[in-house]
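Reader: Could you take me through one part of this model at close range? I'd enjoy a careful look at a single helix and what surrounds it.

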Amino acid sequence: MSAPWWDSDWKDRSWREYRCYVRSLPYSTDDASLKDAFSSYGPLIAEVVVDRETGRSRGFGFVQFDDEKSMECAIEGMNGQQVGGRNVIVSEARQRPRRWWA
């Protein structure tokens with residue numbers, strides 16, 4: 001009997017996520033305000049990364065888009081713009097390798 005992860009075909013999947021990495025966010029930023037800031041580019045999901053212990057924003061987040069064109073337009077349009085009084089830096093998010101927990 002093999003472990004479930006051993007039989008997985010995840011290496012053969014070739015999907016691509018269209019996500020932006022947004023840093024230099026003010027600590028008062030939440031998911032809704034980040035999504036509002038990118039609303040003209042049509043984001044699907046916006047997530048601000050929070051500290052596990054305090055629940056406070058860590059100053060960066062991710063915005064996911066439906067297609068590559070929307071993502072590229074958002075990077076060009078929002079990089080260096082103000083969100084909540086701070087100039088944000090926006091770039092394409094690198095896809096993390098999958099991790100398996102045994």
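Author: Happy to! One term helps before we start: two strands count as paired if DSSP finds at least two bridges between them. By that rule β1 pairs with β6 (residues 89–92), with four bridges in an antiparallel arrangement. Please keep in mind that this is a predicted model.

Within that pairing, Val 22 has Val 90 of β6 as its bridge partner. Strand β1 (residues 18–23) is also joined to β3 (residues 57–65), again antiparallel, through six bridges. There, Arg 23 is matched with Phe 60 of β3.

Now to the helix itself, α2, which covers residues 68–78. Its buried residues are Met 71, Ala 74, Ile 75 and Met 78. Viewed down the axis of α2, these fall within an arc of 100°, so they line one face of the helix. And what do the buried residues of α2 pack against? They meet the three strands we have just visited, β1, β3 and β6, along with α1 (31–37) and β4 (82–83).

On the face turned away from the buried side, α2 carries the exposed residues Lys 69 and Glu 76. After the helix comes Gly 80, with a positive phi near 90°.

The cysteines are worth a glance too. Cys 20 has 0% relative accessibility, so Cys 20 counts as buried. Cys 73 counts as partly exposed because its relative accessibility is 36%. A search of the whole structure turns up zero disulfides.

How values were computed. Residues are numbered from 1 along each chain as its sequence is written. This is a predicted model: local features need pLDDT of at least 70, side-chain atom pairs count only at pLDDT 80 or more; totals for chains, interfaces and linings use all residues. Side-chain values use heavy atoms; hydrogens and water are left out. Helices (H or I, at least four residues) and strands (E, at least two) are DSSP runs, numbered from the N terminus. A disulfide is a pair of cysteine sulfur atoms within 2.5 Å. Buried means under 20% relative accessible area, exposed over 50%, partly exposed in between (1.4 Å probe, protein chains only). The arc is that of the directions from the helix axis to the C-beta atoms. Contact means heavy atoms within 4.5 Å.
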